[in-house]
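Good morning, and thank you for making time for this presentation. Please keep the sequence and the structure in view while I speak.

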Amino acid sequence: MNTTIMLFLLQDGITNGAIYALLGLALVLVFAVTRVILIPQGEFVTYGALSYAMLATGQVPGTAKLALAMGAVSFALDLFDNRRSLRLKLLARSLALNLVLPAVILALTYGLAGPKTPIAVNIALSLLIVAAIGLFLYRIAFQPLAHTSVLVLLIASVGCHLALQGLGLVFFGAEGLRGPALSNAALTIGPLRFTGQSLAVYGLTIAFIVALWLFFGFTLMGKALRATAVNRLGARLVGIRTTLSGQIAFLLASLIGAISGILIVPITTLYYDTGFLIGLKGFIAAIIGGLVSYPLTAVAALVVGGVEAFSSFYASNFKEVIVFTLIIPVLVLRSLAAPAVEEEKD
Amino acid sequence: MSALLSIADAHVAYGKVEAVRGVALEVADGEIVTIIGANGAGKSTLLNAIMGILPLKGNAAFAGLDITPLDIEDRVVAGLSLVPEHRELFATMNVEDNLQLGAFRIPKAVAATSFEKVYALFPRLKERRRQLAGTLSGGEQQMLAMGRALMGAPRLLMLDEPSLGLAPIIAADIFRTIGELRAAGVAVLLVEQNAQAALRIADRAYVMELGGFILSGPASDIAANPRVVASYLGFQREGGGV
């Protein structure tokens with residue numbers, strides 16, 4: 001092996017690792033706040049990527065309609081939950097969030113979609129659509145289960161993943177899609193060539209990590225989210241709604257998923273079910289970080305990306321095997337290091 | 001005088017076991033009321049039900065508002081606040097963040113004056129404001145829990161066993177601070193096993209046994225009641241803890 005190949009592989013590993021880092025951070029965030037292990041994170045990636053790819057060809061993706069349908073279900077659930085004490089203010093808020101918002105997004109998508117629509121508009125539309133889906137997914141599947149055990153939430157999470165993946169097949173078909181690059185610029189340093197796309201991956205990953213750090217460290221809402229993660233009862237006692245915290249966590253997770261998807265769809269062809277595997281790699285990073293540590297998750301994601309790049313060079317058939325086998329020694333080490341913890345009951 | 005908090009015919013049950021049976025209770029504006037009783041009498045259960053942590057069957061009105069359909073968060077907005085027995089602090093966050101979150105539901109401008117008031121009440125918290133809540137001593141954690149509850153400018157502060165596990169001198173300090181709340185116009189509903197200390201600062205008292213109130217009246221009368229003296233006061237050390 002010569003240095004050039006090693007540098008190439010490292011570069012590849014870091015690019016993928018950056019994406020896994022974003023997804024891993026989202027998983028840690030959602031688990032800390034809601035105790036949900038977000039298996040459908042991969043579907044947010046696929047939906048973001050393929051909605052963007054479809055919009056780039058001038059078509060309206062089915063996800064925009066899904067958002068409206070899920071909004072309608074959320075609205076119905078809100079009505080049912082508050083049937084005894086229906087207040088106008090509550091009703092208006094629910095109507096605006098669950099029906100008006102996705103309807104506006106759908107109308108915008110129809111109005112703006114076309115073969116000549118600028119890339120920035122397509123990205124914004126894809127993000128809006130997937131963010132709305134993430135928000136409603138929490139309302140429909142997880143808010144009613146908020147008080148149940150981690151296991152029940154995990155099973156619901158698997159269910160959501162299967163349902164969304166099936167819908168993905170309906171919306172995007174079995175054929176893979178590729179999206180246009182964010183930038184065609186390129187930069188050459190020595191033997192390495194950095195495309196605008198990979199620079200965008202690095203830049204956005206770093207920007208997101210900094211933004212999350214600022215959000216959690218310095219804003220009241222960010223602190224409220226952390227407080228919910230640290231002590232749910234304590235948070236409720238100061239008036240922080242755990243449902244609001246859950247909504248924000250899912251909103252951030254779906255946004256991060258969609259951005260990751262939009263970042264990779266110009267690099268590699270994505271299928272309706274590719275997201276799952278990508279999400280799982282973020283999950284491995286999150287597990288290495290113990291589902292609590294953000295910095296450890298980010299570092300682990302880079303390691304996962306690196307291992308993947310090198311194993312695809314040396315033993316491409318075993319690429320996934322090697323990556324996912326990483327989790328076994330990590331779990332063994334973690335179980336040795338940490339005392340058994342009983343599941344929190346609340 | 002119309003009561004700030006009025007509870008009537010309240011029942012609280014854990015599954016089929018009824019822990020509070022048909023209790024009636026009133027707290028007026030700015031009043032300090034204590035509920036004393038043995039371990040397991042249902043005192044904490046009653047406080048948790050008033051806050052909405054446990055379901056309360058019966059009537060519960062706060063400031064003229066029926067609070068039974070409200071969840072915890074809306075009761076906080078209405079002006080109720082509970083410092084639970086286990087304090088439920090945000091252990092991995094610093095003192096200042098804990099306090100800031102106590103003011104989560106009130107406007108920013110009001111929160112600034114809340115900070116001043118709480119730091120004046122507990123100067124120790126100001127010294128430790130950068131320290132993580134989980135690393136504080138028991139007494140400091142109790143101060144922080146009370147401070148966090150006061151940050152939201154509640155009209156009624158409910159305290160569940162604030163002296164539990166504290167050294168006697170620290171407990172005395174906590175009781176003195178509770179007494180000072182009267183001047184601040186905050187009504188207090190205090191549940192305590194240390195009956196002596198509680199009766200000394202309270203205006204009125206209820207005595208709870210097996211899920212019901214067996215006595216109620218002005219704190220001085222309760223403190224002089226022979227039955228109370230025999231059961232709750234007789235063998236307690238001066239200013240002692242648990």
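Against which helices do the buried residues of H4(A) pack? They pack against helix H3 (62–81) and helix H5 (119–142) of chain A. Before I go further, I should state that this is a predicted model.

Let me stay with H4(A) for a moment. The buried residues of this helix are Ser94(A), Asn98(A), Pro102(A), Ile105(A), Leu106(A) and Thr109(A). Helix H4 of chain A covers residues 88–112, and its 25 residues should span 36 Å at 1.5 Å a residue. The C-alpha atoms at its ends are 33 Å apart, which agrees with that expectation. The helix does have a kink, of about 35°, and Ala96(A) is at its centre.

I turn now to chain A as a whole. Its secondary structure consists of 14 helices and two strands. For 346 residues the globule rule gives 20 Å, and the radius of gyration of chain A is 20 Å, so this chain is as compact as a globular protein of that length. Along the principal axes, the C-alpha atoms of chain A fill a box of roughly 70 × 55 × 35 Å. Of its 346 residues, 45% count as buried. If we take the contacts in chain A between residues at least 6 apart in sequence, 77% of them join residues at least 24 apart.

Chain B is next. Here there are ten helices and ten strands. The radius of gyration is 17 Å, close to the 18 Å from the globule rule for 242 residues, so chain B is as compact as a globular protein of that length. The box filled by the C-alpha atoms of chain B is roughly 45 × 40 × 35 Å along the principal axes. Buried residues account for 45% of the 242 residues in chain B. Among its contacts between residues at least 6 apart in sequence, 67% join residues at least 24 apart.

We can now look at the strands of chain B. An open sheet of four strands runs in the order S2-S1-S4-S5, and the pairing is antiparallel. At the edges are strand S2 (17–27) and strand S5 (65–66) of chain B, each of which pairs on one side only. Strand S1, residues 5–14 of chain B, is joined to S2(B) by seven bridges in the antiparallel sense. Within this pairing, Ile7(B) is opposite Leu25(B) in S2(B).

Strand S1 of chain B also holds Asp9(B). This residue has a positive phi, near 50°, although it is not glycine. Is Asp9(B) buried or exposed? With 12 other C-beta atoms within 10 Å, Asp9(B) is exposed, because a residue with 12 or fewer such neighbours falls in that class.

A parallel pairing is found elsewhere in chain B. Strand S6 (residues 80–83) and strand S7 (residues 156–160) of chain B pair in the parallel sense over four bridges. Ser81(B) has Leu157(B) of S7(B) as its bridge partner. Which way do the residues of S6 point? Leu80(B) and Leu82(B) point one way, Ser81(B) and Val83(B) point the other way, and all are buried.

Just ahead of S7 is the loop that follows helix H6 (138–151) of chain B, and Ala153(B) is found in that loop. Ala153(B) likewise has a positive phi near 50°. It counts as partly exposed, with 18 C-beta neighbours inside 10 Å.

One further pair of strands deserves mention. Strand S9 (residues 204–209) and strand S10 (residues 212–218) of chain B run antiparallel and are joined by six bridges. Opposite Ala205(B) in this pair is Gly217(B) of S10(B). The hairpin has two residues between the strands, and Leu210(B) takes a positive phi near 50°.

Finally, I come to the meeting of the two chains. How many residues of chain B are in contact with chain A? There are 21, and they are in contact with 17 residues of chain A. On the chain B side, the elements giving two or more residues are helix H2 (72–78) and helix H3 (95–102). By character, the residues on that side of chain B comprise twelve nonpolar, four polar and five charged.

Thank you for your attention.

Conventions:
Residues numbered from 1 in each chain as written. Chains lettered and ligands numbered in written order. Predicted model: local features only at pLDDT ≥ 70, side-chain atom pairs only at ≥ 80, totals over all residues. Expected span 1.5 Å × (residues − 1). Bend = angle between axes of the 7 residues up to and from the residue. Buried ≥ 20, exposed ≤ 12 C-beta atoms within 10 Å, placed from the backbone. Contact = placed C-beta atoms within 7 Å. Nonpolar A, V, L, I, M, F, W, Y, C, P; charged D, E, K, R; others polar. Rg over C-alpha atoms; globule rule 2.2 N^0.38 Å. Pairing = 2+ DSSP bridges.
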